[in-house]
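Please look through this note with the model open beside it. The points are short and can be checked one by one.

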Amino acid sequence: MPECYSSIGEAVGAAMQHNIRLAHRSAAPGSDKPLQVRHLPSASADPYSVRRMISRLHEDAAPDEVAGIIKEVNGALVGALPQVTELVASAADWTRARLDFDDPQHNPAFETWTRLAAAYGMLQDVREQLDVAEDGLAACPAERTDPRHHQMVNVLRSRE
């Protein structure tokens, strides 16, 4: 039976725990129980899920609606981005408690902590950029512009 998660943060946390177990296991591969299928709730089941927010971001959405969705994603208490940021910080702190500088030639825990700390800094920057973008979104015109202008800027996601 598939396992469901109530939030993107919970799903990412479970995936990280699984990856940490794989990286640090001493048993032979395949000796533990098989992986279960994991999925997030459907977009219709959770109106505040990231998938539902993406489905609401269509080209005819009102500027205030788009700004509101970005605010939901970046919201300080329950937003997906702050949850992921906190998750990365927790993983970095977990790694920090396992640092060992006795062998300067071999320090995978420090390399991992460095990557997690960098990811945390990038996520903080993303949150700041989204705060600024939120105001800009609300100021965008509601009507579409001439399509010839759209060709000057690349599409960032595929619609597949």
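The points below go from the whole chain to single helices and then to a few residues.

1. **Status and confidence.** This is a predicted model. The chain has a mean pLDDT of 80. Of its residues, 72% reach 70 or more. Confidence varies by element: H5 has the highest mean pLDDT, at 94. Strand E2 (residues 38-39) has the lowest, at 59. Please keep that value in mind when reading E2.

2. **Overall make-up.** The chain holds 6 helices and 2 strands. Along the sequence they follow the order β-α-β-α-α-α-α-α. There are 160 residues, and 22% of them are buried. The accessible surface is about 11,900 Å². Carbon and sulfur atoms own 58% of that surface.

3. **Contacts.** How much of the contact set comes from residues 24 or more positions apart? Their share is 60% of the contacts in the chain with a separation of 6 or more.

4. **Helix H3, geometry.** H3 covers residues 63-74, which makes 12 residues. At 1.5 Å a residue, a span of 16 Å is expected. The end C-alpha atoms are 17 Å apart, so the model agrees with the expected span.

5. **Helix H3, faces.** The buried residues of H3 are Pro63, Val66, Ala67, Ile69, Ile70, Val73 and Asn74. Seen down the helix axis, they fall within an arc of 155 degrees, so they line one face of H3. An α-helix has 3.6 residues a turn, so residues three or four places apart point the same way. On the face turned away from the buried side sit Asp64 and Lys71, both exposed.

6. **What covers H3.** Which elements cover the buried residues of H3? The cover includes helix H2 (50-56), helix H4 (80-96) and helix H5 (108-138).

7. **Helix H4.** H4 has 17 residues. From its first C-alpha to its last it reaches 24 Å, close to the 24 Å expected at 1.5 Å a residue. Its buried residues are Ala80, Leu81, Pro82, Thr85, Leu87, Val88, Ala89, Ala91, Ala92 and Thr95.

8. **Helix H5.** H5 runs for 31 residues. The expected span is 45 Å at 1.5 Å a residue, and the end C-alpha atoms are 45 Å apart, which agrees. Ala109, Leu116, Leu123 and Glu134 are buried in H5. Glu134 deserves a look on screen, as one of these buried residues. The buried residues of H5 pack against H3 and H4.

9. **Aromatic pairs.** The whole structure yields 2 aromatic pairs. In one, the rings of Phe110 and Trp113 have centres 6.0 Å apart and planes at 15 degrees. Planes under 30 degrees apart count as stacked, so this pair is stacked. Ring pairs also bring in Phe101, which forms a cluster with Phe110 and Trp113.

10. **Setting of the stacked pair.** Phe110 and Trp113 are 3 residues apart in helix H5, so about one helical turn separates them. Are these rings buried or exposed? Phe110 has a relative accessibility of 35% and counts as partly exposed. Trp113 is also partly exposed, with a relative accessible area of 28%.

11. **From H2 to H3.** Arg56 lies in helix H2. Its relative accessible area is 17%. Buried means under 20%, so Arg56 is buried. Arg56 and Val66 are 10 residues apart in sequence, with their C-alpha atoms 8.1 Å apart. Leu57 belongs to the loop between H2 and H3. At 29% relative accessibility, Leu57 is partly exposed. Leu57 and Ala67 are also 10 residues apart in sequence, and 9.9 Å apart from C-alpha to C-alpha.

12. **From H4 to H5.** Ala97 sits in the loop between H4 and H5. With a relative accessible area of 62%, Ala97 is exposed. Ala97 and Ala109 are 12 residues apart in sequence. Their C-alpha atoms are 9.3 Å apart in space. Ala109 is among the buried residues of H5.

Definitions and conventions. Residues are numbered from 1 along each chain as its sequence is written. This is a predicted model: local features need pLDDT of at least 70, side-chain atom pairs count only at pLDDT 80 or more; totals for chains, interfaces and linings use all residues. Side-chain values use heavy atoms; hydrogens and water are left out. Helices (H or I, at least four residues) and strands (E, at least two) are DSSP runs, numbered from the N terminus. The expected span of a helix is 1.5 Å times one less than its number of residues. Buried means under 20% relative accessible area, exposed over 50%, partly exposed in between (1.4 Å probe, protein chains only). The arc is that of the directions from the helix axis to the C-beta atoms. Contact means heavy atoms within 4.5 Å. Accessible areas come from the Shrake-Rupley method with a 1.4 Å probe; for residues, only the protein chains shown count as cover. Rings of Phe, Tyr and Trp (its six-membered ring) pair if their centres lie within 6.5 Å; planes under 30 degrees apart count as stacked, over 60 as edge-to-face and the rest as tilted. pLDDT is the predictor's confidence in each residue, from 0 to 100.
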